[in-house]
Amino acid sequence: STYRLARYVGLGRAKRLILSGANVSVQEAYQIGLVDHIIPLQNFETELEKIVEQYLCNNSKAMRLSKFLLNETFDMNYDDARARYFELQEVAQTSPDHVEAKRAYAEKRDPVWG
């Protein structure tokens, strides 16, 4: 969408992509931040599983709140974004996931998110 593209790749690149109608290579899409991963077809299943597992290991309340904040900050000034950060930080630090993270760290194991 034109709304999100400029936020992902920058205004200049978004204009070039939209106004030229040109396709971009996989490598260029990766370089400009349009895609996050390039996976060879012959290793697709294995590599995709690794990526999914990496994201699942970080699926805590804090990570979800970080995603919300990142999405909101484009429409905020610095002071509002900072205030929202501290608000969400308090939510994260009082969540059951935070308790689990501290317990897992003390027990030298990976956390199990709820």
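How far apart are the mean positions of the 15 positive and 16 negative charges of the protein? They are 3 Å apart. For that count, Lys and Arg are positive, Asp and Glu are negative, and His and the chain ends are not counted. Each charge is placed at NZ of Lys, CZ of Arg, CG of Asp or CD of Glu.

Before you click around, know that this is a predicted model, where local features need pLDDT of at least 70, side-chain atom pairs count only at pLDDT 80 or more, and totals for chains, interfaces and linings use all residues. Residues are numbered from 1 along each chain as its sequence is written, and side-chain values use heavy atoms, with hydrogens and water left out.

**Stop 1: the whole chain**

Switch to a cartoon view. You'll find seven helices and zero strands, so the pattern along the sequence reads α-α-α-α-α-α-α, with helices (H or I, at least four residues) and strands (E, at least two) taken as DSSP runs numbered from the N terminus.

Now rotate the C-alpha trace: along its principal axes, the trace spans about 55 × 45 × 15 Å. The radius of gyration of the protein is 19 Å, while a compact globule of 114 residues would come out near 13 Å. That radius is taken over C-alpha atoms, and the globule rule is 2.2 Å times the number of residues to the power 0.38.

Turn on the surface. The protein exposes about 9200 Å², with carbon and sulfur atoms supplying 55% of it; the areas come from the Shrake-Rupley method with a 1.4 Å probe, and for residues only the protein chains shown count as cover. Buried residues make up 15% of the 114. Here buried means under 20% relative accessible area, exposed means over 50%, and partly exposed is in between (1.4 Å probe, protein chains only).

**Stop 2: the loop between H2 and H3**

Select Gly-21, in the loop between helix H2 (11-20) and helix H3 (26-31). Gly-21 is exposed, at 55% relative accessible area. Try the distance tool from Gly-21 to Ile-39: their C-alpha atoms are separated by 25 Å, with their positions 18 residues apart along the chain.

Asn-23 lies in the loop between H2 and H3 too. Asn-23 is exposed at 76% relative accessibility, and its C-alpha atom is 15 Å from that of Thr-2.

**Stop 3: Asp-97 and Arg-64**

Next, pick Asp-97 in helix H7. Is Asp-97 buried or exposed? Asp-97 is buried, with a relative accessible area of 9%. Leaving aside neighbours within four places in sequence, its contacts (heavy atoms within 4.5 Å) include Asn-59, Arg-64 and Trp-113.

Hop over to Arg-64 in helix H5 (residues 61-72). Arg-64 is partly exposed at 33%. With residues up to four places away not counted, Arg-64 touches Asn-59 and Asp-97. From Arg-64 to Ala-92, the C-alpha distance is 9.3 Å, although the two are 28 residues apart in sequence.

**Stop 4: Ser-95**

Stay with Ala-92 and add Ser-95, which sits in the loop between helix H6 (78-93) and helix H7 (96-106). Ser-95 counts as buried at 7% relative accessibility. Zoom in on its side chain: a polar atom there lies 2.8 Å from the backbone oxygen of Ala-92.

**Stop 5: Lys-108**

Finish in the segment after H7, where you'll find Lys-108. Most residues other than glycine have a negative phi. Lys-108 is not a glycine, yet its phi is positive, about 55°. Lys-108 also counts as exposed, at 76% relative accessibility.

Definitions and conventions. Polar contact = N/O pair within 3.5 Å; in protein donor to acceptor, adjacent residues only side chain to side chain.
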